[in-house]
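Please find below some comments on the model, set out as numbered points for a colleague who will want to check each of them against the coordinates.

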Amino acid sequence: MKLILVVAFALALPALTSAQAVSATLYTLVKDASGAAVVGAKVTVVNQNTNYQRDQLTGANGECLFASMPLGQYRVSVESTGFDSFSQEGVTLQVDQQARMEITLRVGQATDKISVTAEVPLVNVLNGEISQVVERRQVEELPLNGRNFTQLIQLTTGTTTGATGDTQNNLVINQFRGPTNFTANGMRTLYNNFVLDGVDNNESAWNFGGVVILPVVDAIQEFKVATGNFSSEFGRAAGGVVNVQTRSGSNQLHGNLFEFFRNSRLDANDFFNNASGRARPAFRQNQFGGTLGGPVVRNRLFFFGDYQGTRMQRELTFLTSVPTLESRSGDFSNRLFPVIFDPATTRANPAGAGVTRDPFPDRRVPLNRFDPLASRFLEVYPLPNTNPTGIALNFLNNPLWSRHGDQGDIRMDLSLGNRGAMFGRYSTDSSGQNFPNDLATPKNPFGGGGRGNNIELRAQNFGWNLTYLLKPNLVLEGRLGVSRFNFRGLPLGAGDASAASLRVPGVAGGVGVVSSSSLTIPGLTAFGPTTGVPNFSAQTTFQYVTNVTYTKGRHTIKTGIDLRRLRRNNFLISAQPAGAFNFSPNWTSQTGAGGGQAIASFLLGLPDAITRGQILGGVGRRNIEFGAYVQDDYKVTNRLSLSYGLRYDLYTPWYEVHNRMSMLDLNTGRVILASNSPFGRALRQSNNRNFAPRLGLAW
């Protein structure tokens with residue numbers, strides 16, 4: 001029987017979970033053949049790859065606990081006067097594992113030895129956490145399209161694919177490196193948390209639920225997915241926690257080289273290409289690199305490094321609508337077009353209310369009536385290449401999408417003897433993509449029809465961890481982490497020399513105005529760049545964690561703090577900064593409503609609306625997150641465990657570095673600016689009711 005009691009207080013509903021363990025806990029129980037406890041036995045655990053060693057003497061109940069153990073395979077040895085010595089190899093400790101191992105000694109001489117070489121399955125009987133570890137062999141050997149380890153998360157209990165739209169489209173935003181969204185126990189993606197070697201690895205400057213560093217598959221030792229019943233050490237729990245641990249070096253020099261590729265020669269052709277007699281779109285994918293790890297100083301200092309390069313290209317397939325050859329010259333005599341009327345003949349309707357107009361002779365717009373700006377747009381608008389008798393779905397396009405990436409990690413591990421261990425790791429990823437859309441061609445770099453952009457990002461993550469034994473039963477753990485994510489998104493055609501001649505009159509270049517204006521013409525695929533770019537975002541998270549574990553008798557008490565400083569800088573334009581034209585058929589209909597042709601209105605330069613996004617500059621947001629906890633795991637008996645703890649989380653409100661935030665005071669109806677707010681620059685009123693203590697009980 002096992003009883004688990006959890007008591008937690010928090011200020012508000014959590015935004016993310018926060019598990020950060022980078023080590024494991026091994027609990028050993030030593031007894032004789034009759035089941036009686038063996039007191040004063042010396043238990044020694046030795047890492048079989050690095051020779052890292054810890055030892056303790058069993059207490060009055062034959063128990064001892066090894067907290068904050070580095071991950072890996074261990075040899076467990078026991079010696080006690082009057083008993084045969086015992087040795088067990090293949091004891092594997094996994095990330096954030098709390099394992100129990102029972103050892104039975106036989107009466108005999110210490111010179112007699114019992115050795116076991118088979119691996120020991122260790123069971124968690126110390127707490128009720130719901131979790132599962134995906135081991136290194138699974139990560140390396142199971143098929144992964146794009147070598148994205150997050151696909152393996154769904155092998156764990158309680159997880160499934162994230163809902164469509166829960167994060168931004170993975171082709172056009174920073175998740176072009178691979179989708180990372182998943183649902184744990186029905187929670188939304190933004191309630192998940194990604195941790196790399198114990199430090200924050202969440203990207204939130206653009207996508208909640210995104211990841212700063214997607215580690216190279218060959219660099220992952222293992223990762224753990226926890227979905228419920230966290231201890232108070234892991235507060236803010238709402239979704240799933242993905243805790244990734246990178247590989248370390250060992251006393252053996254080891255490494256590998258790899259190359260994974262895909263090629264269109266092995267693919268079938270697209271239906272529309274087959275129907276049009278076009279060749280299958282080109283596709284190339286190459287991912288290559290290697291790893292190397294080993295000793296710098298044997299048994300003391302170790303290194304591990306890795307690199308992966310990604311080069312991908314593929315031709316996309318779009319079937320779109322562009323002006324026909326006849327309509328480009330003003331000829332709308334094709335009976336598929338409605339009759340067009342001349343807006344220059346607008347007059348009051350003699351038959352009643354409203355206006356009336358005369359039709360264009362021969363259903364043609366004279367060339368001398370063409371708007372000069374419309375003529376310039378026609379020069380880059382693609383020509384039809386399919387469906388020659390139709391007025392829509394007449395352009396089949398195969399623009400080239402490309403992605404590049406260079407990423408790697410370097411990790412150093414230092415053994416401090418029987419006093420502890422230390423490691424530091426730095427990871428970097430420089431990636432980018434060119435994502436064309438429906439109308440993107442060499443002649444039309446501005447594209448049109450859907451989201452398209454050019455993206456460059458630089459992701460970095462640094463983690464340093466120290467585990468130090470002040471006493472055999474008192475362990476100190478300190479950790480520093482820095483996570484940084486720079487994102488740069490530009491619209492298609494940014495910087496093109498012809499962009500200035502394809503803009504709303506009077507719109508000059510400048511910050512954000514880097515491409516052409518866009519056109520919306522009913523009946524045609526929209527022309528020009530989409531909204532949301534330019535986008536320049538930079539997020540930095542500084543993190544400090546300290547934990548202290550104290551073992552006394554059957555109690556294991558752990559306490560610590562987690563302090564984070566979040567810095568988010570964003571320059572984002574939601575509307576089209578170079579301007580957008582919207583055309584309708586009304587200008588070329590007989591009465592101004594119903595009939596007419598939007599393409600004809602475009603040729604005449606008569607838009608219904610012209611809009612433009614206003615550029616206000618960047619925004620810098622800051623806040624602090626603080627958590628403190630105390631947890632006691634009490635072994636009431638060998639078959640009964642009681643876990644209870646208390647946690648306090650404080651999330652300070654966001655503020656803007658230049659005090660440009662504002663809010664509406666509902667009591668007075670006035671707008672309050674952060675620069676002169678009586679409530680502080682974060683604009684949180686002192687009498688708010690955000691404080692909501694929560695009490696949870698589970699068994």
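1. In the hairpin formed by S25 and S26, four residues lie between the strands, and Gly-417 takes a positive phi near 70 degrees there. The model is a predicted one, and the remarks that follow should be read with that in mind. The two strands of this hairpin, S25 (residues 400–415) and S26 (residues 420–435), run antiparallel and are joined by 14 bridges; within that pairing, Gly-408 stands opposite Thr-428 of S26.

2. Strand S25 also pairs with strand S20 (residues 301–315), again in the antiparallel sense, over 15 bridges. To find the register, one may take Gln-308, whose bridge partner in S25 is Gln-407. In a sheet, strands pair through backbone hydrogen bonds, in either a parallel or an antiparallel sense.

3. A separate point concerns an open sheet of five strands, in the order S9-S16-S17-S12-S13, whose pairing is mixed. Its edges are strand S9 (130–135) and strand S13 (199–200), each of which pairs on one side only. Inside this order, strand S16 (residues 220–228) and strand S17 (residues 241–246) are antiparallel partners over six bridges, and Glu-222 has Gln-245 of S17 as its bridge partner.

4. Some backbone geometry deserves a careful look, since most residues other than glycine have a negative phi and most peptide bonds are trans. Asp-197 is not a glycine, yet it has a positive phi of about 50 degrees, and it is placed in the loop between strand S12 (193–196) and S13. Arg-363, likewise not a glycine, has a positive phi of about 55 degrees and belongs to the loop between strand S23 (355–359) and helix H4 (372–380); with a relative accessible area of 11%, Arg-363 counts as buried. The peptide bond from Val-533 to Pro-534 is cis, with omega near 5 degrees, and Pro-534 is found in the loop between strand S29 (518–520) and strand S30 (535–552).

5. Which residue forms a salt bridge with Arg-411? The partner is Asp-197, with the closest N and O atoms 3.5 Å apart. Because Arg-411 lies in strand S25 and Asp-197 in the loop between S12 and S13, the pair ties together parts that are 214 residues apart in sequence. Arg-411 is buried at a relative accessible area of 9%, and Asp-197 is buried as well, at 1%. Salt bridges with shared partners join Asp-197, Arg-411, Asp-413 and Arg-425 into one network, and a reviewer checking the positive phi of Asp-197 may therefore wish to view that residue together with its buried setting, given its 1% relative accessibility.

6. Over the whole structure, the search finds 22 salt bridges. One of them is formed by the side chains of Asp-96 and Lys-224, at 3.1 Å from N to O; as Asp-96 sits in the loop between strand S6 (85–93) and strand S7 (98–105) while Lys-224 sits in strand S16, this pair ties together parts that are 128 residues apart in sequence. Both ends are buried, Asp-96 with a relative accessible area of 12% and Lys-224 with one of 5%.

7. A further salt bridge brings together the side chains of Glu-140 and Arg-247, at 3.7 Å from N to O. Glu-140 belongs to helix H1 (residues 136–141) and Arg-247 to the loop between S17 and strand S18 (254–263), so this pair ties together parts that are 107 residues apart in sequence. Are its two ends buried or exposed? Glu-140 is partly exposed, with a relative accessible area of 37%, whereas Arg-247 is buried, with one of 7%.

8. The last point is the nonpolar interior. The largest nonpolar core has 34 residues, and those with the most contacts inside it are Phe-332, Val-365, Phe-377, Leu-519, Ile-521 and Phe-602; the elements giving two or more residues to this core are H4 and helix H5 (598–603). Leaving aside neighbours within four places in sequence, the residues in contact with Phe-332 include Phe-337, Ile-340, Val-365, Ile-599 and Leu-603, and also Arg-363, the residue noted above for its positive phi of about 55 degrees. Apart from the largest core lies another, of 32 residues, among them Leu-26, Ala-41, Leu-65 and Val-475.

Key:
Residues are numbered from 1 along each chain as its sequence is written. This is a predicted model: local features need pLDDT of at least 70, side-chain atom pairs count only at pLDDT 80 or more; totals for chains, interfaces and linings use all residues. Side-chain values use heavy atoms; hydrogens and water are left out. Two strands pair if DSSP finds at least two bridges between them. Buried means under 20% relative accessible area, exposed over 50%, partly exposed in between (1.4 Å probe, protein chains only). A salt bridge is a side-chain nitrogen of Lys or Arg within 4 Å of a carboxyl oxygen of Asp or Glu. A nonpolar core is a set of buried Ala, Val, Leu, Ile, Met, Phe, Trp, Tyr and Cys residues joined through side-chain atoms within 4.5 Å. Contact means heavy atoms within 4.5 Å.
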